[in-house]
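Visitor: Please take me in for a close look at one spot in this protein, and walk me outward from there.

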Amino acid sequence: MSKRIVVIGGGAAGMMAAISAAEKGASVTLLEPNERLGKKLNITGKGRCNVTNDADLSTLLANVPKNGKFLYSAFSRFDGRDAIAFFEGIGVPLKTERGNRVFPVSDRAFDVSGALEKRLKALKVTMIRDRVVSLETEEGTITGAAGEKGFYAADAVILATGGVSYPATGSTGEGHRMAKEVGHTVTPLQGSLVPLREKGNLCARMQGLSLRNVSLTVFESGKKIYTDFGEMLFTHFGVSGPLILSASSHMRRFEKKEYRLEIDLKPALDEAALDKRLLADFTKYANSDFVNSLNDLLPQKMIPVIVELSGIEPRQKVHEITREQRKTLLGLFKHFPVEIAGLRPVTDAIITSGGIKISEINPTTMESKLVKGLYFAGELIDVDAYTGGFNLQIAWATGRAAGMAAAEQE
C-alpha cells in the first residue's frame, strides 16, 4: 500500500511538496481553502513571478541573511539551476534578467501556477478545498489533519501554510498556531521586503511621487550597509517601491540601531557635472526667485521640500545665491535624507521574517524533531531571503526536500 501523505497549503512550497511526494509513488492529498492554488504566487513579481535566481549554492546561501546555513542541504540538492530545469521540464519556458532573476518568458505568473496544477493532476494528487483547523497526533506521531469538512488520515503531514504577510492570500498564521499546539516554538514574526515608516513628514508631503533611476544607500547607526539602484515611491507613511522593499530586508535591528536612507536623485552625474548643470540653470533663471529655478531639475512635488531643506529663502533671487548655498543644494541632490522610524506592519510585507524554530527541524528532511511524520516547507520556517527569486527558491527547495523525505520515510 502506498504511503498516505497530506499536504496543508496549496502555495509554492505546498504544491512542490505534493508533486515531489507523488513522484515518489505516495498517495497525496493537497488541502487548500482558497478557490485557486498559488494565490500568492500569482501576485509575486508584480504578476510576472520571479521564479528563482540562476544561482549556485554559495550565491543562494549568501542571499539568505537569516539562518541560511539551515538551507545548506536543501539547496545542495535543489538549487536555482535545478529549479530552472524543473519548470522548463513541466512546460514553462524561462528567461534570465538583471541580477540573474528568472521569469517565465510569457511574463505571466499564472503560467507557473498553472503548470504546477497540471503536474499535480497528472500525478493524480487529490485536491480538496478545505481549511485545516488542527494537526492530530498520537504518542508523538502524526496521524492526520482535521479540516472544517472532515478528517484526513495520514502517514505523514507536510505543513506549508505560508507566513502572515498578505493575509488576503490565505497566509493568516494558522500554520504557526497548529505547529505551536503540537509543541513547536515560533520565533517573533515581522515583515521583510516591506515598506518603511519615516520620522517626521517629509515623505508625506511628496505622497504619490514616484522616482525612477535613483540610487539608494542605507545607513545603520551611521555606517553604510547597503546600496542599490532603481525606483521608489513616497507615501503618506514614508517610502515604498522595489528599491525600498529590497533595502528593508537589510534593516533588522530597529530596537538597537538607527536607520537613515540617502537618495541620490542624479546618479548619472557626479558632483562636478551636476554643479555645471545647476550653474547653467541658474544662468537661465538668473532674475527669477530661487523657488522657480528648479523646475528643469526636480519633480514639482519635491521642490518645496528641497527648498526648505536647503535653508535658502524661496524668494531669494537666483543671481544672489552664494557658492556655499549652491554646495548645500548639491548635497541634497546627491544625498537626500530620509530618517526611518521603523517597518510597516507585517500584513503589508511581501514575506514574513520569523517562524518555526530551525533547531526543531531536521535540515535534511524538513521533518519535525518533536513530532514523527510532521514536515515543514516554505515561509512557515524561520528563514527568509533578499529579493530576486531567493524566497521562492526556499519554497521550492524545502518543498522538494519535505515531499521526497515524507514519501521515503519508513
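Guide: Happily! Strands here are DSSP runs of E with at least two residues, numbered from the N terminus. Thr352 sits in one of them, strand 18 (residues 351–353). Please keep in mind that this is a predicted model, where local features need pLDDT of at least 70 and side-chain atom pairs count only at pLDDT 80 or more, while totals for chains, interfaces and linings use all residues. Residues are numbered from 1 along each chain as its sequence is written, and side-chain values use heavy atoms, with hydrogens and water left out.

Thr352 counts as buried because its relative accessibility is 0%; the cut-off is under 20% relative accessible area, with a 1.4 Å probe and protein chains only. Beyond neighbours within four places in sequence, Thr352 has contacts (heavy atoms within 4.5 Å) with Gly163, Val164, Ser165, Leu189, Gln190, Val346, Glu379 and Asp384.

Follow Gln190 and you reach a cavity, since Gln190 belongs to the lining of the largest one, along with Gly191, Ser192, Ser248, Ser249, Met251, Arg252 and Leu343. A cavity is a set of points on a 1 Å grid where a 1.4 Å probe fits but cannot get out, and lining residues have an atom within 4 Å of a point. The whole structure has one cavity of 30 Å³ or more, and the volume of the largest is about 30 Å³, taken as the space filled by probe spheres set on the points. Strand 11 (residues 190–192) contributes most to its lining, with three residues. By type, the lining has two nonpolar residues, five polar and one charged, with Gly counted as polar.

How values were computed
Helices (H or I, at least four residues) and strands (E, at least two) are DSSP runs, numbered from the N terminus. Buried means under 20% relative accessible area, exposed over 50%, partly exposed in between (1.4 Å probe, protein chains only). On a 1 Å grid over the protein atoms alone, a cavity is a set of points where a 1.4 Å probe fits but cannot get out, and a pocket is an open set with protein on both sides within 12 Å along at least five of seven lines; lining residues have an atom within 4 Å of a point.
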